Amino acid sequence: MAHKAEYEDQIALYSLGLLEGGELIEIERHLAEGCEICESMLKDSDTVFTNLPLCLDDAPLPKDLEKKILDRLEVREPARGRSSIFDFWRNLSPVWLNLGTAVSLAIIIFLVVTNISLRDDLKIREKSLTDLQAKLVKEEKMLAFVMNPDVNEVELGSKMPDMEAAGKLLWDKETNKGLFLVSSIPLPEQGKTYQLWAIEGGKPVSMGVFDVDKEGNSMMEIELMPGPAESMQFAVTLEPAGGMPQPTGDMYLYGSL
Amino acid sequence: MNPGSPPSIDKDPELNTMVQKPKAFAIMDKGSARSADQELIDRLRKGDKSAFREIYARYSQTVFNLALRMLRSREEAEEVVQEIFLQVWNKADSYDSERGAISTWIVNIARSRSIDKLRTLGYRDQTTELIEERVNSKSDFSRIIEDREESRKIIREALDSLPDNQRIAIEMVFFEGLTHIEAAERLNEPVGTIKTRIRLGVLKLKEKISPYVGDLL
């Protein structure tokens, strides 16, 4: 193996464990390839660094240091490569076995509880992920509608006093598919739901019922009749849960083309 | 004698005698040293505490000196020395006498644990993980430890013989636990310059101390 002079400066650093990343990989590869000069330099560096601490003055050793370490050895058994698993069990006293059993049981209980807790946590996170994915799909659809140049837009304004709710209907003239968006509408009381109506020639046709989130927001996909007239109007009323064939409740939002 | 200024080998007749007889410190040949190391580790692996006490007696002073020099706190050094010897006890299986001497292994562990402690204390942020695993030297200061004072003189003499810039660079990376990059920043020198200073310094140190450990290489 050819010696490379550029590695010479690296050897002492390698001996000290200071090389990282590419430099480390490179020098190890070079040494593994059998460069005798670098190998010899490495041994020299190791020799120097092994002996260097000898230049230091002896400081008084802390009192009882050896005892403290020996005490700690009592609870930290060394790894014994040559002992078998049978030796291990044979050497365990009943006290340790009982203690070991108790500790094992405690660990099992802990793991079971932790597992249940983690499963619950996982379910919550899965639900959260599903919600987020659904929201993302909705937002992608909304974005597609907004970006579509063939989309008509109808604004629905509040028909109730002191209510800031607003609605918007985006409607693709080519496909007759639409997207209805509502914001800040009051939460419906128990057993009630909002219903969207398309009104043409004074005749209302249900476009569907929709739920709202806790902020009073909602988005609903709708399909309009082919070729809606220029005079078409839209309204949102509060109806009994499930909706009604004809509007019966108060009108909350209204708009026309 | 002032411990900070060791005698010159050239001027000290006693040391001069030792230079003429470099093997005076070497009490075992390489083969027997290696087998003695292996035997000690084998006993340690079996949980033989007398082997542990032997290792402690042989290396505790040097390891404590090194930890104290690096950490500059007796309290921290004591804690680190405990960790070092616990690691020796628990990781005896990872030592292979064919790869190097026990002393090199233990010094590497000592530096590594001390640097870890420096990092914990916020004095540096780079880990040094490889040094304790890679043991390549067959030199073992335990062979010359029979006379600590004489060993100290020789190593100090060697260190003090270096040009200041080489000595400082080596002391920074070895005793202060800095990386060569940190040393370069501190000295406001290019990293390449620091690398070269360390290499040249190590080369000179090796020349100075090899007569005493040469038969173990």
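# Two chains and their contact

At 41% relative accessibility, A:Asp71 counts as partly exposed, because partly exposed covers the range between under 20% and over 50%. This residue belongs to a predicted model, and so does everything described below. The side chain of A:Asp71 meets that of A:Lys67 in a salt bridge, with 2.9 Å from N to O. Both residues sit in helix 4 of chain A, which covers residues 65-73. A:Lys67 and A:Asp71 are 4 residues apart, about one turn of the helix.

From this pair we can step back to chain A as a whole. Chain A has 6 helices and 8 strands. Read from the N terminus on, its elements run α-α-α-α-α-α-β-β-β-β-β-β-β-β, so the helices are numbered starting from that end. Of the 257 residues in chain A, 34% are buried. The surface that chain A exposes comes to about 15700 Å², and carbon and sulfur atoms supply 57% of it. One can also ask how contacts in chain A are spread along the sequence. Among contacts between residues at least 6 apart in sequence, 58% join residues at least 24 apart in chain A.

Chain B is built from helices, with 9 helices and 0 strands. Its elements, taken from the N terminus on, run α-α-α-α-α-α-α-α-α. Chain B has 217 residues, and 57% of them count as buried. The accessible surface of chain B is about 9000 Å², of which 47% belongs to carbon and sulfur atoms. For contacts in chain B between residues at least 6 apart in sequence, the share that joins residues at least 24 apart is 69%.

Salt bridges also occur within chain B, and a group of them can be followed from residue to residue. The starting point is B:Arg43, which is partly exposed with a relative accessible area of 24%. The side chains of B:Arg43 and B:Asp48 meet in a salt bridge at 3.1 Å, N to O. B:Asp48 is partly exposed as well, with a relative accessible area of 25%. B:Arg43 also forms a salt bridge with B:Glu54, where the closest N and O atoms are 3.4 Å apart. B:Glu54 lies in helix 3 of chain B and B:Arg43 in helix 2 of chain B, so this pair ties together parts that are 11 residues apart in sequence. The relative accessible area of B:Glu54 is 34%, which means that B:Glu54 is partly exposed. Through shared partners, salt bridges join B:Arg43, B:Asp48, B:Glu54 and B:Arg58 into one network.

The next subject is the place where the two chains meet. What area do chain B and chain A bury between them? The figure is about 5900 Å², with 61% of it on carbon and sulfur atoms. The contact takes 67 residues from chain B and 52 residues from chain A. Between the two chains there are 18 residue pairs in polar contact, both residues being at pLDDT 80 or more. Several helices of chain B take part. Those that give two or more residues to the side touching chain A are helix 2 (30-45), helix 3 (49-71), helix 4 (74-90), helix 5 (102-120), helix 6 (148-160), helix 7 (164-174) and helix 9 (191-213). Helix 3 of chain B gives the largest share of that side, 12 residues. By kind, the residues on the side of chain B that touches chain A divide into 29 nonpolar, 20 polar and 18 charged.

Charged side chains also pair across this boundary. A search of the whole structure finds 27 salt bridges over all chains, and 8 salt bridges lie across the interface of chain B and chain A. One of these joins B:Arg199 to A:Asp9, the closest N and O atoms being 2.4 Å apart.

A last residue shows the interface from the side of chain A. A:Asp44 is placed in helix 3 of chain A, residues 36-51. Is A:Asp44 buried or exposed? A:Asp44 is buried, because its relative accessible area is 16% and the cut-off for buried is under 20%. Once its neighbours within four places in sequence are left aside, A:Asp44 is in contact with B:Val202 and B:Lys206.

How values were computed
Residues are numbered from 1 along each chain as its sequence is written. Chains are lettered from A and ligands numbered from 1 in the order in which they are written. This is a predicted model: local features need pLDDT of at least 70, side-chain atom pairs count only at pLDDT 80 or more; totals for chains, interfaces and linings use all residues. Side-chain values use heavy atoms; hydrogens and water are left out. Contact means heavy atoms within 4.5 Å. Buried area is the accessible area (1.4 Å probe) that two parts lose on being put together, summed over both. A salt bridge is a side-chain nitrogen of Lys or Arg within 4 Å of a carboxyl oxygen of Asp or Glu. A polar contact is a pair of N or O atoms within 3.5 Å; within protein, one must be able to donate a hydrogen and the other to accept it, and residues adjacent in sequence count only if both atoms are side-chain atoms. Ala, Val, Leu, Ile, Met, Phe, Trp, Tyr, Cys and Pro count as nonpolar, Asp, Glu, Lys and Arg as charged, and the others, Gly among them, as polar. Buried means under 20% relative accessible area, exposed over 50%, partly exposed in between (1.4 Å probe, protein chains only). Accessible areas come from the Shrake-Rupley method with a 1.4 Å probe; for residues, only the protein chains shown count as cover.
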